[in-house]
Amino acid sequence: MSKTEIDVVTAEFFAAFDNRGGRAADVARIRRLVLPGGVIVKTGPEFTVCTVDEFIEPRRRLLAEGRLVEFSEWETSERTEIADDIASRFCEYRKSGILDGEPFEGGGTKTIQFVRTPQGWRITAFAWHDRS
């Protein structure tokens, strides 16, 4: 059951950025999926560390103000390890959209750390590296 629950949280995480077909991206759901104080790190192409709110706000603007449209991001493979109430997931992902009128595609690697809380599995930290 834990793996299924982690799969659901991960799918919700990726879906938070989806604004295809004119729908509004729901990046605010990241606050529900990630514990307060969660650590977020982008390793490349430029190294960045941010809080949950520092992560959400620029993405909310980018996805809501029309610069980035028809955007989606999805896992292409994953490996999840679970030990008691902690879990770690490594995944490859792809993304596509239209940024400032120009279609693009890309991908990279993410690692997501989870803990089981009384409310279910939540993300404690995630890091990613964009390859393109």
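A residue is called buried here when its relative accessible area is under 20%. In this predicted model, helix α1 is a good place to start with that idea. Its buried residues are S2, I6, V9, T10, F13 and F14. Seen down the axis of α1, these residues fall within an arc of 135°, so they line one face of the helix. An α-helix has 3.6 residues a turn, so residues three or four places apart point the same way. The cover over the buried residues of α1 includes α2, β3, β4 (86–99), β5 (102–117) and β6. The length of α1 can be checked too: its 14 residues, 2–15, should span 20 Å at 1.5 Å a residue, and the end C-alpha atoms are indeed 20 Å apart.

Helix α3 can be read in a similar way. Here V52, F55, I56 and L63 are buried. They cover an arc of only 90° around the axis, which puts them on the same side of α3. Among the elements that cover them are α2 (30–33), β1 (34–44), β2 (48–50), β3 (68–83) and β6 (120–130). With 13 residues, 52–64, α3 is expected to span 18 Å at 1.5 Å a residue, in agreement with the 18 Å between its end C-alpha atoms. After α3 comes G66, with a positive phi near 95°.

The surface has something to show as well. V39, F47 and V49 form a nonpolar patch there, and together they have about 300 Å² of accessible area. Of these, V39 lies in strand β1. The relative accessible area of V39 is 42%, so V39 counts as partly exposed.

Conventions. Residues are numbered from 1 along each chain as its sequence is written. This is a predicted model: local features need pLDDT of at least 70, side-chain atom pairs count only at pLDDT 80 or more; totals for chains, interfaces and linings use all residues. Side-chain values use heavy atoms; hydrogens and water are left out. Helices (H or I, at least four residues) and strands (E, at least two) are DSSP runs, numbered from the N terminus. The expected span of a helix is 1.5 Å times one less than its number of residues. Buried means under 20% relative accessible area, exposed over 50%, partly exposed in between (1.4 Å probe, protein chains only). The arc is that of the directions from the helix axis to the C-beta atoms. Contact means heavy atoms within 4.5 Å. Patches are made of residues with over 30% relative accessible area and no salt bridge: like charges are joined within 9 Å, nonpolar side chains (Val, Leu, Ile, Met, Phe, Trp, Tyr) within 5 Å. Accessible areas come from the Shrake-Rupley method with a 1.4 Å probe; for residues, only the protein chains shown count as cover. A salt bridge is a side-chain nitrogen of Lys or Arg within 4 Å of a carboxyl oxygen of Asp or Glu.
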